[in-house]
Amino acid sequence: MSPEPANPHAASPLYEQDRAVLRLVRRTNDRLRELLCTLARRGVALRRATPDRARCILDALAPWPFYKGGQFLFDLLEWEDLMIDGPPPAVLTRADLDELLTLPVRWLLATVEAAEAPAPLRRTTAALNLPVRLLATTARSFVQSALRDFEQVLSPPQETAPDDHLADHATDQDPLPELQSGFYLYEDVVLGLFDLVGPHLPAPPREGDEGDEGDEPTPDHAGPDSGDDSEGDDTMTATQSTAASPAPKTSATVFPIEETFRVTEVEDLEHDWTLLGDAVLTGDDGLRLTPNEQYKAGTALLGTPFPAESGVSVEFDYYASGGQGDGFAVYLIDGAHDTGVGGYGAGLGYSLTVDPGGKIVSEGVSRGYLGVGFDIWGNFSTTLAGPSGGTTRQPDKVALRGSGNERDGFHYLTGADAPGGLAATWDDQAHVQVVIVDAVVTVHLTRAGRTTTVLDGVDLKPAPGQDAMPETFKFGLSGSTGYHTSLHSLRNLVIALPAKMPLRVTGPDEVPAGSEIAYTIAVRNDGPNSVPNAEVAGTLVAGLSNATVAVTGTDGGARAGQGNTDGQDFTQRLDLPVGGSATITVTGTTGRSATGQVTCTASIGSPEHRNTAQDRSDSHTTRLTAHVPQDDLQVCQQGVVSVKPGEQGHIAISVANPDDNAVDLPAAELVFDAPTGFEWTGTITFTHYNANGQTVGTGDTTLEPVLEDDNTRLRLTGLQDLRSAEGYVLAYALGIKAKPDAVPGRRTDGKALVADSAPLRLTATVQGADEGQSFTNGDGRLPVIQPAVVEVKQGESGFLAVTVGFEQDGKQEVGTLDQRFRAPAGFTWNGYISYSYYSGGRNSQGGQGDIEHRITDGGTTFTITGMPELRASKGLYLTYVLGLTADEDAEVGRHDDGEAKIGAAAPLALHATVFDKDEPARCNR
């Protein structure tokens, strides 16, 4: 059982009044967050409901200094982070918002109406020489000018804005849309505030109504004695003051309507549905419109009307199997009415049904506007389903019937064959999309992932007997059987605003491995609806490193939102008005050893809209050819680690630029993959030496390597100055460790990639239990270590690294130590030496100056005679890199009889290995 928590105030240095103030600050902060988030969510609702109006408001506000200043403060105070971080706050009611806004609006109006400052303030002003009257006049002019500029937005001609512009799509009972990080939250806050402030203001003054400064305010509407003789002006005034017709009872914000139908009770559906006739809910099999029985008809009617002028996209998965009759339909009726079930058999639950003798045996729906029939048996296209049809049935047809009301109308309009037929089970992945925009109908059928446009742009307006499009629609799904039967079920329905947004992906057909690949994604919005929250989503397969996504061009009012990359996936948000377009560039770099191909796939969609373009997704594939190194650096492994499981050593690497070719050093990257059974420790030291034998310090430079892939990859960004024109070589000593469970043996599958040069194979050895470890002197106060064995061919040179650790307390001048190195048998020193050091972590420090030395005894003894000032304290590790050359006739094999003697420390045996001249090279070139 956990102990009781300690009193949080027991050790607090705060007084009670301090905590009280902090509580007030916290409450104020919470209230501010509630206000900003509520305004933004109301702004989102306005933007989605009336995108053109929202854009008009923002464009009108954009030039004003207060708008720009607000945006600056919004960003400066990081209010977007305040709004998004944490769970969503409570939504303020309209009453709460009105209460918060009343005082500042009254103050603003009082400032505007003030002809001059009151006497006490005027005296203070005179004393301080402040032009208050000028400020008040300027404020009044500013606000009144703004009201005139926004008059058409706040009060459109012949229409007065309702008390709450969002009444039909954002009430206190109707949840407001959620916020999206990084997507114009400042603009959404401004829209929400703008919509709330309008009703608090008096009617905007007309041009010429303003009197001279100090005069009584001119009434908003001139009366008979106003002296205004203009009949036209009186008419305009009367029009402005006349109450507008009630706001429509529908809004496009009802979209998207999503219904899986995978429930068994109507009450469990997400939206307002009425099931009529034989329609039932079956759980996983969705909405069953008809059982597999004779003479059945069922319908599901959505009780939520939506504006007809916005258009609609309807899509769902379907099941039609068990027989050949009759089919199912998607239909629209006048949104001001309801309906019962349409005709069974030939009527598909939409139109009337007539027997061969011409007698109506089953009525159609009420106030029908359009029925899209998916007719398996084929009589929906004949006179058995209404006028204008033929006498021969047309099986597996997608057919249209127009307006009708119960026993009248329902003319046959057109039809087209359904490729592969209409019968389908869930395994066939049969899918329907019906798009209706401005009385123009398009129908897509999908089967097993392949989409076909069956009806493309059928215009209903000139069709015989077709009613004018009503103000609103209601939507229905229906199905029927006759003498022939079939089971008809639907599920995964989505009804949304349509927007035709084609997308195209282009890129190179072929690039060398290791190259950067750039793909261009072009998108546009062909309408009919603006899409303020479009999103392009895609993948790069196989994945590319350093992937980026950016909008590189916009047109037609399009705006860029937030872009993100996560591994091989990317997203880019856009605001796409009708006619807007954008160009997105996605880049990434392939691995230098990569083979095969890279494919960029992208698609565009929106939560509230359905993309009706057939080319809403695209892809481009790039073939990878062999990598062509751009940098001709010579990279060699100069020392090979040989340690027991769980123990550490070093791998030594040299980097030279013998060709003097230019290398982009600041952008260069070094990547080291450890051989199997090893992992990097993260320590790294580096030194410089000159091919002519002169040693130069590396300067005050720090390395900060990054470990990846469970420490098996070490990445270092940026080469040090290589000074290739002077023949300098870089040397790195990388700390490496054999894993505790590593199997003894030699490993040759490591890899080093330095800048854009050819790769170098790395080698390391895990010692067996019977092999002796003699690479340290065993001195606890001044340990001397050989971290790696130099391995060279006869007559060739390599590096021998020696590390000195200072573990004694106090500081010591390194230059005062006697430091002498004897070469192993068969080797001589060639005069190359440099050094670096590290202390207390992975960061290493390059040497600050040159080392003086002499070589004696025929090249076998190397003595340091002078060093730059370096005071060693406890914890400092100093690494020397010494050039060693194998004799032309040196005996092949390992030589363990060298020696390093540092000050009073115990001597260290030095080791080197000679390989035959036929041994594979230890360099990348």
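**View 1. A charge over a ring: Arg 491 and Trp 426.** In this predicted model, the charged end of Arg 491 sits over the ring of Trp 426. It lies 3.7 Å from the centre of that ring. A second example involves Arg 401, whose charged end is placed over the ring of Phe 380, 5.6 Å from its centre.

**View 2. An aromatic pair: Phe 261 and Trp 273.** Searching the whole structure turns up 19 aromatic pairs, and one of them joins Phe 261 to Trp 273. How are these two rings arranged, stacked or edge-to-face? They meet edge-to-face, with 5.2 Å from centre to centre and 65° between the planes. Phe 261 belongs to the loop between β1 (257-259) and β2 (273-277), while Trp 273 is in strand β2, so the pair ties together parts that are twelve residues apart in sequence. Both Phe 261 and Trp 273 are buried.

**View 3. An aromatic cluster.** Here you can find Tyr 67, Phe 74, Trp 79 and Tyr 186, which form one aromatic cluster.

**View 4. The buried face of helix α2.** Helix α2 covers residues 51-61, and its buried residues are Ala 54, Arg 55, Ile 57, Leu 58 and Leu 61. Looking down the axis of α2, you would see these buried residues fall within an arc of 160°, so they line one face of the helix.

**View 5. Stepping back to the whole protein.** The protein has ten helices and 55 strands. Of its 925 residues, 47% count as buried. About 42,400 Å² is exposed, with carbon and sulfur atoms supplying 49% of that area.

Conventions: Residues are numbered from 1 along each chain as its sequence is written. This is a predicted model: local features need pLDDT of at least 70, side-chain atom pairs count only at pLDDT 80 or more; totals for chains, interfaces and linings use all residues. Side-chain values use heavy atoms; hydrogens and water are left out. Buried means under 20% relative accessible area, exposed over 50%, partly exposed in between (1.4 Å probe, protein chains only). Helices (H or I, at least four residues) and strands (E, at least two) are DSSP runs, numbered from the N terminus. The arc is that of the directions from the helix axis to the C-beta atoms. Accessible areas come from the Shrake-Rupley method with a 1.4 Å probe; for residues, only the protein chains shown count as cover. Rings of Phe, Tyr and Trp (its six-membered ring) pair if their centres lie within 6.5 Å; planes under 30 degrees apart count as stacked, over 60 as edge-to-face and the rest as tilted. A charge sits over a ring if NZ of Lys or CZ of Arg is within 6 Å of the ring centre and within 35 degrees of the ring normal.
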